[in-house]
Amino acid sequence: MTQWEKPVLTLKNFNKTFGNGCSFCKDKPENLKGGCCPKCRTIYACRDVSLCVYCGEVVGIVGESGSGKSTLMQALYFDSEPTDGEYYLDAYKNGERNIFADSRRQQKWVRNMLLGMVYQNPVMGLKMHFSAQSNIAEKMIAAGNRDVHSMVARGNDLLERVSIPPARRKDNPCNFSGGMQQRVQIAKALANEPPVLLLDEITTGLDLSVQADVLELIQKIQRANRNSILLVSHDLSVIRMLADRTVVMRNGQIIEEGLTDQILEDPQHPYTQQLVYSLL
Amino acid sequence: MFKEKHFAFLDESSKKEIRRAVLKAVAIPGYQVPFASRELPIARGWGTGGLQITLSLIGEDDIVKVIDQGSDESVNAVSLRNLIQETTNVRSTIRTQEATLIQTRHRIPETPLKEGQILILQVPLPEPLRNVEPSEYKTKKLHGEGDYSGAWLKMFEDIMRYGQTATGADHPVCVDGRYVMAPSPIPRFDNPKLDNSPALLLFGAGREKKIYAVPPYTQVVSLAFDDYPFRRERFAGEKCRLTGLSDVYLDELTDETTGEIYYQINDSSYLLEHLNRETEMQTE
């Protein structure tokens with residue numbers, strides 16, 4: 001297989017439940033109401049999700065709120081533990097080791113070296129009371145860098161790329177505008193040049209012109225570095241602009257997947273049809 | 001009234017529990033062992049952690065020394081020493097070489113410690129990661145995973161802001177290559193004394209209910225970036241006004257009548273011994 005045919009990220013049969021489940025809902029998905037058990041109130045946030053991302057590919061995940069998109073992203077970035085499932089990265093032990101089954105320390109290493117995450121809310125991804133430079137250095141420190149000069153140089157380089165002016169690089173992100181905070185997050189995610197970027201609703205809450213800036217930046221970076229990107233959004237125009245392939249989620253399950261054009265032009269599942277036709 | 005109290009104030013089962021925590025701390029250098037901090041006749045945050053360790057370890061043959069910021073005569077040191085003495089009747093000293101138990105706040109004595117001695121430090125904030133992570137649940141996990149990027153990040157931020165690490169005291173150290181530890185607010189000047197110390201070093205935080213330890217001859221490294229090496233405080237060539245010594249920790253003092261600034265050794269018993277030795281030599 002050439003490098004284009006082997007997935008960079010593979011997720012198999014991923015499940016995440018909040019609650020222990022009862023005899024009424026365990027292994028009986030037909031009894032669930034909207035991903036939730038009506039008897040024991042266990043929430044099945046993700047059910048049997050399998051997907052893969054290939055080298056240099058942008059995969060979009062769409063779905064209404066509560067469909068399990070963010071739960072999926074959190075598990076992929078080890079912010080929360082999966083209930084069960086398998087997770088492989090090509091760059092980690094040749095993609096032969098299930099990272100969910102590995103130690104927490106190994107997971108942290110993967111998180112710092114192989115993944116970059118941009119959250120919808122910058123408060124999640126940035127330390128608001130540390131300077132923008134320090135926020136970027138945090139990733140490099142976690143990766144074992146102990147040389148201040150090289151980290152400052154790399155930080156300046158990254159902040160230049162996301163156009164944060166030099167005068168503001170030592171300021172705290174809490175004094176930045178929303179768009180700037182998002183750009184600092186992107187710079188931070190790129191600090192260790194990870195092969196995979198996870199973007200969780202990165203433009204939600206930004207005004208339209210800033211949205212366009214951020215999206216253009218992502219596109220530029222993706223073209224230059226050939227990163228693989230997993231992109232969550234409920235905004236179909238963002239998906240249309242960035243994603244090569246799209247996955248539609250509802251009630252914790254993948255209900256449809258295919259090329260973005262196909263999904264948007266010829267949706268098959270009734271929910272996807274409703275989603276596409278409700279686009280203004 | 002203390003005469004009727006139990007030996008060393010605390011009841012035996014409390015002392016046993018504290019000793020057990022101390023043993024665990026010694027077995028895992030730098031690890032913060034939780035313990036049930038007892039009520040004492042002084043308020044929490046005034047050295048109760050150190051005092052509980054002292055009281056639970058002290059025996060009739062011990063010789064105790066109590067210092068507060070290098071001084072044997074400050075109010076806190078005197079009060080703590082009185083409490084220990086009244087409840088145990090053990091001998092007290094100000095000579096560092098003589099003491100078997102030394103309870104201290106914010107300093108390690110200038111006289112090198114030796115084997116068999118125990119230095120007990122009072123700790124206000126035992127968690128080196130607290131200023132980057134407010135949740136105890138999370139800092140415990142970070143220690144478990146050996147993830148100390150928070151402590152490094154704090155130093156990086158200082159360098160960004162001030163051009164150097166700005167820890168005046170309590171500069172974090174790595175114990176035995178594993179746990180990162182807050183050395184209690186001793187000045188950076190004292191950090192090298194922690195490394196490979198022949199004496200046992202115990203740390204007690206009464207308010208935060210934690211005990212931790214550095215066993216004798218353990219490697220203790222002050223955290224520092226490769227291109228910003230760790231530095232002790234320097235006193236720009238200033239000397240002690242009374243002894244002329246320079247390689248010691250100095251207090252900066254102001255003469256209230258003339259307004260002149262002068263320097264003096266901070267460790268009062270070390271200063272006194274040095275002056276006594278000089279007078280002896282002169283009379284001979």
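1. A good place to begin reading this predicted model is A:Arg168, which is found in the loop that lies between helix 5 and helix 6 (178-189) of chain A. Its relative accessibility is 26%, so A:Arg168 counts as partly exposed, given that buried means under 20% and exposed means over 50%. Leaving aside residues up to four places away in sequence, A:Arg168 touches A:Asn175, A:Phe176 and A:Met180. The C-alpha atom of A:Arg168 is also separated by 8.2 Å from that of A:Ala132, although the two residues are 36 residues apart along the chain.

2. The helix that comes before this loop takes part in a meeting of the two chains, for helix 5 of chain A (residues 148-161) and helix 5 of chain B (residues 149-162) pack at an angle of about 75°, with their axes 12 Å apart. That angle makes helix 5 of chain A roughly perpendicular to helix 5 of chain B, because angles from 65 to 115 degrees are counted in that class. On the side of chain A the contact is made by A:Val148, A:Met151 and A:Val152, while on the side of chain B it is made by B:Phe156, B:Ile159 and B:Met160. When the residues of this contact are divided by type, six are nonpolar, and there are no polar and no charged ones.

3. Turning to the sheets, chain A has an open sheet of three strands, in the order 2-1-4, with antiparallel pairing. Strand 2 (43-54) and strand 4 (84-89) of chain A stand at the edges with a single partner strand each, so one side of each is left without a neighbour in the sheet. From one strand to the next, the twist in this sheet averages 10°. Strand 1 (residues 7-18) of chain A pairs with strand 4 of chain A in the antiparallel sense over five bridges, and A:Lys12 stands opposite A:Glu86, a residue of strand 4 of chain A.

4. Chain A also has an open sheet of six strands, in the order 5-6-7-3-8-9, and here the pairing is mixed. Its edge strands are strand 5 (115-118) and strand 9 (253-259) of chain A, each of which pairs on one side only, and the twist averages 15° from one strand to the next. Within this sheet, strand 3 (residues 58-62) and strand 7 (residues 228-232) of chain A run parallel and are joined by four bridges; A:Val58 stands opposite A:Ile229 in strand 7 of chain A.

5. Helix 1 (residues 69-76) of chain A deserves a separate comment. This helix lies across strand 1, strand 2 and strand 4 of chain A, running at about 115° to strand 1 of chain A. Helix 1 of chain A also lies across strand 3, strand 5, strand 6 (196-200), strand 7 and strand 8 (245-250) of chain A, and it runs at about 145° to strand 6 of chain A.

6. For chain B, the overall picture is given by a few totals, beginning with its seven helices and twelve strands. A compact globule of 284 residues would have a radius of gyration near 19 Å, and chain B, with 20 Å, agrees with that expectation. The C-alpha trace of chain B spans about 60 × 55 × 35 Å along its principal axes. Buried residues make up 52% of the 284 residues in chain B. Of the contacts in chain B with a separation of 6 or more, 60% are accounted for by residues 24 or more positions apart.

Terms used: Residues are numbered from 1 along each chain as its sequence is written. Chains are lettered from A and ligands numbered from 1 in the order in which they are written. This is a predicted model: local features need pLDDT of at least 70, side-chain atom pairs count only at pLDDT 80 or more; totals for chains, interfaces and linings use all residues. Side-chain values use heavy atoms; hydrogens and water are left out. Axes are lines fitted to C-alpha atoms, for helices over the stretch in contact, and angles run from 0 to 180 degrees between N-to-C directions. Angles under 35 degrees count as roughly parallel, over 145 as roughly antiparallel, 65 to 115 as roughly perpendicular and the rest as oblique. Contact means heavy atoms within 4.5 Å. Ala, Val, Leu, Ile, Met, Phe, Trp, Tyr, Cys and Pro count as nonpolar, Asp, Glu, Lys and Arg as charged, and the others, Gly among them, as polar. Two strands pair if DSSP finds at least two bridges between them. The radius of gyration is taken over C-alpha atoms; the globule rule is 2.2 Å times the number of residues to the power 0.38. Buried means under 20% relative accessible area, exposed over 50%, partly exposed in between (1.4 Å probe, protein chains only).
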